[in-house]
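Have the chain open in your viewer and turn it around as you read. We'll go from one part to the next and see how they fit together.

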Amino acid sequence: MKRIAKFYKISQEQFIQDWKNTFGEETENQEICRIYEEIKLPCRATAGSAGYDFFLPLPISLSAGESAIVPTGIRVRMCEGWVLQIYPRSGLGFKYHLQMYNTVGIIDSDYYFSDNEGHIFIKILNGGKKEKPLELSAGMAFAQGVFTEYGLTEDDDISNSRNGGFGSTGV
């Protein structure tokens, strides 16, 4: 197996800023710092697992059709030529029709160097049609990331660089 990446926590200052931008100013900095300290780095559950489990930093309750943005507090440094794809945990998808809001999250290798420290946000959706609420507790594995190698076309000569997250590449 190739060793191509490493997960890190973003800085506490960046996490506080992103938390307040996501949820508003009502959460005290001391509480956000407590949440930050409890963040677990993604890891595989078994030696045969392809996916690295991402863990919730806060409890989430979603009724059918509701979505939530999760600031994970995580960034990833990976070799050029690789991408991290984010999917829901399969058990949650099967039981509750949990989905990624954008179907599959794509974390490019250059995102690590973004102004927000490459902070990975994951937006989830309870895609169930029945009134079966999805209750997720803090610390629970809710998503999984799979590293995938990719190639380029022979005539690719792009030299632009990233400086941000969603939509920062101008597309």
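Start with Ser-67, which stands opposite Leu-125 in strand S9. This is a predicted model, so keep that in mind as you look around. The pair belongs to a longer match: S4 and S9 (residues 121-126) pair in the antiparallel sense over five bridges. Zoom out a little and you'll see an open sheet of three strands in the order S4-S9-S7, with antiparallel pairing. S4 (67-71) and S7 (98-100) are the edge strands, each pairing on one side only. On average, neighbouring strands here are turned by 30° against each other, if you ignore direction. As background, the strands of a sheet pair through backbone hydrogen bonds, either parallel or antiparallel.

Something lies across this sheet, too. Helix H1 (residues 12-23) lies across S4 and S9 and runs at about 165° to S4.

Now step just past the end of S4. Thr-72 has its place in the loop between S4 and strand S5 (74-78). Is Thr-72 buried or exposed? With a relative accessible area of 1%, Thr-72 is buried, because anything under 20% counts as such. What does its side chain find in there? A polar atom of the Thr-72 side chain lies 2.6 Å from the backbone oxygen of Ile-120. If you set aside the neighbours within four places in sequence, Thr-72 is in contact with Phe-15, Ile-39, Phe-54, His-119, Ile-120 and Ile-122.

Two other loops are worth a look for their backbone. Thr-103 sits in the loop between S7 and strand S8 (105-108), and its phi is near 70°, a positive value in a residue other than glycine. Thr-103 is exposed, with a relative accessible area of 63%. Glu-117, in the loop between S8 and S9, also has a positive phi, about 65°, although it is not a glycine.

Next, helix H2 (residues 29-37). Its buried residues are Ile-32, Cys-33, Ile-35 and Tyr-36. Why do these four share a side of H2? They cover an arc of only 160° around the axis, so they end up on the same side of the helix. The general background is that an α-helix has 3.6 residues a turn, so residues three or four places apart point the same way. The buried residues of H2 pack against S1 and H1. Turn to the face of H2 pointing away from that buried side and you'll find the exposed residues Gln-30 and Glu-37.

Around H2 there is some charge pairing as well. Arg-34 forms a salt bridge with Glu-38, with the closest N and O atoms 3.0 Å apart. Glu-38 counts as exposed at 53% relative accessibility, while Arg-34 is partly exposed at 38%. Salt bridges that share partners join Glu-31, Arg-34 and Glu-38 into one network.

How many salt bridges are there in the model? The count comes to five. One of them is formed by the side chains of Lys-20 and Glu-25, at 3.5 Å from N to O. The two partners sit in unlike surroundings: Lys-20 counts as buried at 16% relative accessibility, whereas Glu-25 is exposed, with a relative accessible area of 58%.

Another salt bridge brings together the side chains of Glu-149 and Lys-2, at 3.6 Å from N to O. Glu-149 lies in strand S11 (residues 141-149) and Lys-2 in the segment before strand S1 (5-9), so this pair ties together parts that are 147 residues apart in sequence. Glu-149 counts as partly exposed at 48% relative accessibility, and Lys-2 is exposed, with a relative accessible area of 55%.

Since you're at S11 now, follow its strand partners. Strand S2 (residues 52-55) is joined to S11 by four bridges, and the two run antiparallel. Within that pairing, Asp-53 stands opposite Gln-144 in S11. Strand S6 (residues 82-88) also runs antiparallel to S11, joined to it by seven bridges. There, the bridge partner of Leu-84 in S11 is Phe-147.

Note on methods. Residues are numbered from 1 along each chain as its sequence is written. This is a predicted model: local features need pLDDT of at least 70, side-chain atom pairs count only at pLDDT 80 or more; totals for chains, interfaces and linings use all residues. Side-chain values use heavy atoms; hydrogens and water are left out. A salt bridge is a side-chain nitrogen of Lys or Arg within 4 Å of a carboxyl oxygen of Asp or Glu. Buried means under 20% relative accessible area, exposed over 50%, partly exposed in between (1.4 Å probe, protein chains only). Two strands pair if DSSP finds at least two bridges between them. Axes are lines fitted to C-alpha atoms, for helices over the stretch in contact, and angles run from 0 to 180 degrees between N-to-C directions. Contact means heavy atoms within 4.5 Å. A polar contact is a pair of N or O atoms within 3.5 Å; within protein, one must be able to donate a hydrogen and the other to accept it, and residues adjacent in sequence count only if both atoms are side-chain atoms. The arc is that of the directions from the helix axis to the C-beta atoms.
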